[in-house]
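Reader: I would like a close look at one part of this model, taken slowly and with its surroundings in view. Please start from a single side chain and work outwards from there.

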Amino acid sequence: MTSSVALGPDTQEGTRTGTETSQGSLTAPDIPWNLVIWNDPVNLMSYVSYVFQSYFGYPESKANKLMMEVHKKGRSIVAHGSKEQVERHAVAMHGFGLWATVEQASGGRGGNPGKPGGSGQGKGKRG
């Protein structure tokens, strides 16, 4: 699409094409989300640690620490990021047979998962 625009005496004539795009922002603000893994009576502790290592690429020590949080506290935040990214992780965890949920992080950027005092650490209950 081409359109001509008549301008005043101090300006030059110009044309515009129909390929202009809006510069407005259509994206949501960068709100962090957490992936929560919950304790369950089915999966072995060693399996949960294996999943954290194989899927997230965490070193064995970090995977074991997160697994122990799941076991002792009932839950652990094992990853955080954009909502879409965390939802993909949750689907993957379901594929491994783990009980995973997504929650919006409180307190800004979400803290460091697996670190005491991180966002949402040990505050939740099942359900």
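As what does tyrosine 55 count in terms of relative accessibility, and why?

Author: The model is a predicted one, and what follows should be read as a description of that prediction. Tyrosine 55 counts as partly exposed, because its relative accessibility is 31%, and the range for that class runs from 20% to 50%. Its partner in an aromatic pair, phenylalanine 56, has a relative accessibility of 17% and therefore counts as buried, since the limit for that class is under 20%. The pair formed by tyrosine 55 and phenylalanine 56 is edge-to-face, with 4.8 Å from centre to centre and 85° between the planes.

Phenylalanine 56 also pairs with phenylalanine 52, with the ring centres 6.3 Å apart and the planes at 55°, so this pair is tilted, given that edge-to-face requires an angle over 60 degrees and stacked one under 30. Phenylalanine 52 and phenylalanine 56 both belong to helix H1, which covers residues 45-56, and they are four residues apart, or about one turn of the helix. Both of these phenylalanines are buried.

These rings take part in a wider arrangement, for ring pairs join Phe52, Tyr55, Phe56, Tyr58 and Phe96 into a cluster, and the whole structure contains six aromatic pairs. One member of the cluster, tyrosine 58, has a charge over its ring as well: the charged end of lysine 62 sits there, 4.2 Å from the ring centre.

From the rings one can move to the nonpolar core. The largest such core has 19 residues, and Phe52 and Phe56 are among those with the most contacts inside it, together with Leu35, Ile37 and Met93. At least two residues of this core come from each of E3, H1, helix H2 (60-73), strand E4 (75-81) and helix H3 (83-95). Methionine 93 touches both Tyr55 and Phe56, and, leaving aside residues up to four places away in sequence, its contacts also include Leu35, Ile37, Val51, Leu98 and Ala100.

Strand E3, which spans residues 33-38, includes tryptophan 33. Tryptophan 33 counts as buried, because its relative accessibility is 16%. Beyond four places in sequence, tryptophan 33 touches ten named residues, among them His80, Ser82, Val86, Val102 and Gln104. Glutamate 103, another of its contacts, is 70 residues away in sequence, yet the C-alpha atoms of tryptophan 33 and glutamate 103 are 5.7 Å apart.

Set against the chain as a whole, this region belongs to a fold of three helices and five strands, arranged along the sequence as β-β-β-α-α-β-α-β. Of the contacts with a separation of 6 or more, 66% join residues 24 or more positions apart. Buried residues make up 32% of the 127 in the chain, and the accessible surface comes to about 8400 Å², with 54% of that area on carbon and sulfur atoms.

A word of caution concerns confidence in the prediction. The mean pLDDT of the chain is 75, with 60% of the residues at 70 or more. Over residues 1-27 the pLDDT stays under 50, and the model has 16 contacts beyond four places in sequence for that stretch. Residues 108-127 likewise have a pLDDT below 50, with 43 contacts in the model beyond near neighbours in sequence.

How values were computed:
Residues are numbered from 1 along each chain as its sequence is written. This is a predicted model: local features need pLDDT of at least 70, side-chain atom pairs count only at pLDDT 80 or more; totals for chains, interfaces and linings use all residues. Side-chain values use heavy atoms; hydrogens and water are left out. Buried means under 20% relative accessible area, exposed over 50%, partly exposed in between (1.4 Å probe, protein chains only). Contact means heavy atoms within 4.5 Å. Rings of Phe, Tyr and Trp (its six-membered ring) pair if their centres lie within 6.5 Å; planes under 30 degrees apart count as stacked, over 60 as edge-to-face and the rest as tilted. A charge sits over a ring if NZ of Lys or CZ of Arg is within 6 Å of the ring centre and within 35 degrees of the ring normal. Accessible areas come from the Shrake-Rupley method with a 1.4 Å probe; for residues, only the protein chains shown count as cover. pLDDT is the predictor's confidence in each residue, from 0 to 100. A nonpolar core is a set of buried Ala, Val, Leu, Ile, Met, Phe, Trp, Tyr and Cys residues joined through side-chain atoms within 4.5 Å.
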